[in-house]
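Student: I am new to this structure. Please show it to me, and then we can go through it by question and answer.

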Amino acid sequence: MVPNCSLHVTFVNFSRLFVGILLGSWFTVAQAQEAAARNDAVTAAQTPESVPIERPEQKKTQHDLSDIFNATRANPSSPAVGEQPKQGKISGFDFYRDPLNADQPFQQPTAIMKKEIENKPAVMSAQRQLLERRYDLKPKFDPEVKMSRGKPVLVGPTARLADGVSWDELASMNPDEIKERGIFPYPSLPHPLHANGGQVFPKMQIKMFPRLERFDVEFDLPEAFLPEFPPAIFLHNRPELGDVSRGEVVSINNFYRLFKDILTPVQLNGLQFLLTPFPQEEFNPTDDRKSAQPSLGVACFDCHVNGHTTGQFHLNPDDRPQERRFRLDTTSLRGMFNQQIHGSKRSLRSVEDFTEFEFRTAYFNGDPIHAMKKGFPILDRIHVSHMAQLQNMLDFPPAPKLNPTTGRLDPAKATESELRGEKVFFGKGQCSNCHTPPAYLDHQMHDLHLERFLKNEPGDGQMKTFTLRGIKESPPYLHDGRALTLEDTVEFFNLVLQLKLEPQEKQDLVAFMRQL
């Protein structure tokens, strides 16, 4: 099997190679591999070849270059229109013509792009300063604990505390005191460019798939604080195979080769659609895009890489106005078969409903008007159900220390620390109130009322409980990634639930959650 994408030969490049060999032409194996490294199949499908301008009909004429195509110079259908209000023109914004966030009507998309490219260094500098004020971003790795494919797990907590305040002192304060002093260490984590919002991909993914790069903003968290890339894939229809990713990012290039003997035809068809790009809020063929070049869009598995996540984020679609929305991390699809509600707030009741809803509302923007402008697909329920079939095959990573029926620790396999942590989890820590075994979720929504601790934040309202199975492989944590490590998550809940956990209890609790 080919171990990395640099050796993948797309259908287009393979065809050229085959014809070149037959005809003795210029296209060599090395050139085919080089082309494959530059472009994935999606990019190749939408990139025309550059050809020399030789024929007369290729050359730009004075008519081609004239100002006649400028909408502001269009002749009215009748001269009488010029005597009517506004001379019959739309003088304000025209939604379809003017890009989103245009500062005035008829603003050229090239001008918007130029401005946002120039602003990008300042945007990212401000976000880096915010992160450095809030967190110690120097990674500290556990010497033994690894994710499924070997990436070391980070140790925290990373949050910076106010001068002269320890974790124990902070935990002894009541919410009003923490709020008054403004020292809660886990305020919401904002999108680096909130006005634009939208999906942002980490650099390690963009390096492999350049079509996912934005010109206005980039990913903010260091790679060490993110999940593995590529993530492992576990299928509950073939558990004996273990990780079936074979170290590759599943894409439209390689899915059939990897899964033709593992998945059913229905599931393969679903996977094909999950890997097919569709227009999305920031990645599309219109002037509203945030990619330098027009594109087909993004695929479901661009965000849910290998059915998991690499920490991509966007804004939640469930709130308005824009400034009231919050950062939302991509969640893993592992264990989807066991979930009864979907979406952070919307409580959609099936994977099929969720899939169809997202396609019709501009992929995470909750706005069918935006989707119509960019070109939303209408998938029939058969294809949507095939996509759901595949998603429902995605399993959690193996948890060898858990009882396969109850989801509790096997005392014969667990360490003393892990067993103590389990007692905290089901007792003093109150974790099992929401995260019940064996899947460690309760299919409910809960409100932590974080506004009790924060001066200038309204809180998040009801949020869906997410599963803790395989949790060590899904950093950062909470819906917006504000908790960078499991230790941060424990400190967060120790404060919010006023648990008064001892240092050893915190360590033991983390040790237990790493076995889930």
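**Helix packing and cavities**

Tutor: H10 and H14 are roughly perpendicular to each other, because angles of 65 to 115 degrees count as such. Helices here are DSSP runs (H or I, at least four residues), strands likewise (E, at least two), numbered from the N terminus. This is a predicted model, where local features need pLDDT of at least 70, side-chain atom pairs count only at pLDDT 80 or more, and totals for chains, interfaces and linings use all residues. Residues are numbered from 1 along each chain, and side-chain values use heavy atoms, without hydrogens and water.

Student: At roughly what angle do the axes of H10 and H14 cross?

Tutor: Axes are lines fitted to C-alpha atoms, for helices over the stretch in contact (heavy atoms within 4.5 Å), and angles run from 0 to 180 degrees between N-to-C directions. The axes of H10 (residues 265-274) and H14 (residues 381-391) come within 7 Å. They cross at roughly 100 degrees.

Student: Which strand gives the most to the lining of the second largest cavity?

Tutor: A cavity is a set of points on a 1 Å grid over the protein atoms alone where a 1.4 Å probe fits but cannot get out, and lining residues have an atom within 4 Å of a point. The lining of the second largest cavity includes Met-147, Pro-152, Val-153 and Leu-154. Three residues come from one strand, residues 152-154, which is S2.

Student: How many cavities of 30 Å³ or more are there?

Tutor: A volume is the space filled by probe spheres set on the grid points, which are joined across faces, edges and corners. The largest cavity holds about 100 Å³, and the second largest about 80 Å³. The search of the whole structure finds five.

Technical notes:
1 Å grid on protein atoms, 1.4 Å probe; cavity = no way out; pocket = protein on both sides within 12 Å on 5 of 7 lines; lining within 4 Å. Parallel < 35°, antiparallel > 145°, perpendicular 65-115°, else oblique.
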